[in-house]
Amino acid sequence: MEVSKSDWSLYRKKIAGWQESFMEKLCAEYAAILSDSSIAASERFWTLERRIKEDKRLSGVQVEMRKSNMRYDLARLVAEEAITLDDLSEFSTELQEAVRMIIRF
């Protein structure tokens, strides 16, 4: 199934905002790690380093903008909780169904 021009255009408009919101959430989680004084400073440091290393690979942080991968990228964004299925309400029904099918597998 080919992605429609309107879906692709909408995706390009929304992705930066979604990623910014997701990274804001991550920053809050990082701040919580750093401010947990019940844990040794070294443990907080290495925990944060590990989290950043893992998180920077997420689609909610960076994604290669390819029309052919858009459905899979949207499914990953949902799986990562960077967005919800409700965030896809403006997209075509076909695209929403394709993302739901990918998530099920």
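How exposed is arginine 76, as a relative accessible area? The figure is 39%, so arginine 76 is partly exposed. A caution before I go on: this is a predicted model. Everything I quote is computed from it.

Let's stay with arginine 76. Its side chain meets that of aspartate 73 in a salt bridge, at 2.2 Å from N to O. Both residues lie in helix H3, which covers residues 70–79. They are three residues apart, about one turn of the helix.

Now the partner. Is aspartate 73 buried or exposed? Buried. Its relative accessible area is 3%, and the cut-off for buried is under 20%. So this bridge joins a partly exposed arginine 76 to a buried aspartate 73.

What else touches aspartate 73, once neighbours within four places in sequence are left aside? Tyr11, Val63 and Glu64 do. Keep two of those names in mind.

Take Glu64 first. The side chain of glutamate 64 forms a salt bridge with arginine 66, at 2.7 Å from N to O. Arginine 66 is partly exposed, with a relative accessible area of 45%.

Then Tyr11. That one takes us to helix packing. Helix H1 runs over residues 5–35 and packs against H3 at an angle of about 35°. The two axes are 12 Å apart. The crossing of H1 past H3 is left-handed. Which residues make the contact? From H1, they are Asp7, Trp8, Tyr11, Ile15 and Trp18. From H3, they are Met70, Asp73, Leu74 and Leu77. Sort them by class and you get seven nonpolar, no polar and two charged residues. Aspartate 73 turns up again, on the H3 side.

Back to charge for a moment. In general, side chains of opposite charge can pair when their charged atoms come close. In this model the count of salt bridges is six. Here is another one. Arginine 51 and aspartate 55 meet through their side chains at 3.1 Å, N to O. Why are they about one helical turn apart? Because they sit four residues apart in helix H2, residues 41–55. Arginine 51 is partly exposed, at 22% relative accessible area. Aspartate 55 is buried, at 8%. This pair also belongs to a network: salt bridges link Glu29, Arg51 and Asp55.

Last topic, the rings. How many aromatic pairs does the structure hold? Three. I'll show two.

The first pair is tryptophan 18 with phenylalanine 91. Their ring centres are 6.2 Å apart and their planes are at 40°, so the pair is tilted. It links distant parts of the chain, 73 residues apart. Tryptophan 18 is in helix H1. Phenylalanine 91 is in the loop between H3 and helix H4, which spans 93–104. Both rings belong to buried residues: tryptophan 18 at 11% relative accessibility, phenylalanine 91 at 4%. And Trp18 was also on the H1 side of the contact with H3.

The next pair is phenylalanine 45 with tryptophan 46. Here the centres are 4.7 Å apart and the planes are at 90°, so this pair is edge-to-face. Phenylalanine 45 is partly exposed, with 48% relative accessible area.

To close, look at aspartate 73 once more. It sits in helix H3, bridges to arginine 76, and takes part in the contact with H1. It does so while buried, at 3% relative accessibility.

Notes
Residues are numbered from 1 along each chain as its sequence is written. This is a predicted model: local features need pLDDT of at least 70, side-chain atom pairs count only at pLDDT 80 or more; totals for chains, interfaces and linings use all residues. Side-chain values use heavy atoms; hydrogens and water are left out. A salt bridge is a side-chain nitrogen of Lys or Arg within 4 Å of a carboxyl oxygen of Asp or Glu. Helices (H or I, at least four residues) and strands (E, at least two) are DSSP runs, numbered from the N terminus. Buried means under 20% relative accessible area, exposed over 50%, partly exposed in between (1.4 Å probe, protein chains only). Axes are lines fitted to C-alpha atoms, for helices over the stretch in contact, and angles run from 0 to 180 degrees between N-to-C directions. A crossing is left-handed if the near helix is turned anticlockwise from the far one by less than a right angle, and right-handed if clockwise. Contact means heavy atoms within 4.5 Å. Ala, Val, Leu, Ile, Met, Phe, Trp, Tyr, Cys and Pro count as nonpolar, Asp, Glu, Lys and Arg as charged, and the others, Gly among them, as polar. Rings of Phe, Tyr and Trp (its six-membered ring) pair if their centres lie within 6.5 Å; planes under 30 degrees apart count as stacked, over 60 as edge-to-face and the rest as tilted.
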